[in-house]
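Visitor: Could you take me through one part of this model up close? I'd like to see how charged side chains pair up, and I'm new to this, so go slowly.

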Amino acid sequence: MGETLFEKIIDREIPADIVYEDELVLAFRDINPQAPVHVLVIPKKPIPRIGEAADEDQSLLGHLLLKARAVAAELNLSEGGFRLVINNGRDGGESVPHLHCHVLGGRALNWPPG
Ligand code: AMP
């Protein structure tokens, strides 16, 4: 299979507004933001979706969540609050087959989702 869109962002083949990077994860602003702050935090390992994560990915997934928290704090969402979203598969609304955690904030978010 070819590289996913997000692998191309990791490899700097297509541009993105990167807000955080380390050896395991990359965070960048969503190109079609649904809130004043909308960032995607992705593992560099190409796990297609959370439904295909393996037991061996436990520490990577923990790292991903903690970095999503750190990005939210860095972008001043700690006080007002924020939402983390992982869409999985067709009914979950997934459109890019590379695991990503949405960090959304900067306004009051509705619940339940549509
Ligand atoms: P999902 O629907 O959960 O798979 O989320 C995929 C997200 O990727 C959507 O919110 C898109 O707006 C976002 N997206 C697609 N292409 C890009 C891109 N080139 N740079 C940043 N975000 C993107």
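Guide: Start with Lys45 and Asp57, whose side chains meet in a salt bridge, 2.5 Å from N to O. That counts because the cut-off is a Lys or Arg side-chain nitrogen within 4 Å of a carboxyl oxygen of Asp or Glu. Keep in mind that this is a predicted model. As a bit of background, side chains of opposite charge can pair when their charged atoms come close.

Now look at where the two partners sit. Lys45 and Asp57 are both in the loop between strand E3 (37–43) and helix H2 (58–74), so their pairing ties together parts that are 12 residues apart in sequence. Is each one buried or exposed? Lys45 has 35% relative accessibility, so it counts as partly exposed. Asp57 comes out at 3%, so it is buried; the cut-off for that word is under 20%.

Stay with that loop and find Arg49, which forms a salt bridge with Glu94; their closest N and O atoms are 2.8 Å apart. Arg49 is in the loop between E3 and H2, while Glu94 is in the loop between helix H3 (89–92) and strand E5 (101–105), so this pair ties together parts 45 residues apart in sequence. Here both partners, Glu94 and Arg49, are buried.

Next, hop over to Arg12 and Glu21. They form a salt bridge too, with the closest N and O atoms 2.6 Å apart. Arg12 has a relative accessible area of 47%, so call it partly exposed. Glu21 is at 34%, so it gets the label partly exposed as well. How many salt bridges does the rule give for the structure? The count comes to eight.

Some of these bridges share partners. Which residues do they link with Arg12? Glu21 and Lys44 join Arg12 in one network.

One last stop, this time with rings instead of charges. The structure holds one aromatic pair. It is made by Phe6 and Phe28, with ring centres 5.4 Å apart and planes at 75°, so the pair is edge-to-face. Phe6 belongs to helix H1 (residues 5–10) and Phe28 to strand E2 (residues 25–29), so the rings tie together parts that are 22 residues apart in sequence. Both Phe6 and Phe28 are buried.

Note on methods:
Residues are numbered from 1 along each chain as its sequence is written. This is a predicted model: local features need pLDDT of at least 70, side-chain atom pairs count only at pLDDT 80 or more; totals for chains, interfaces and linings use all residues. Side-chain values use heavy atoms; hydrogens and water are left out. Buried means under 20% relative accessible area, exposed over 50%, partly exposed in between (1.4 Å probe, protein chains only). Helices (H or I, at least four residues) and strands (E, at least two) are DSSP runs, numbered from the N terminus. Rings of Phe, Tyr and Trp (its six-membered ring) pair if their centres lie within 6.5 Å; planes under 30 degrees apart count as stacked, over 60 as edge-to-face and the rest as tilted.
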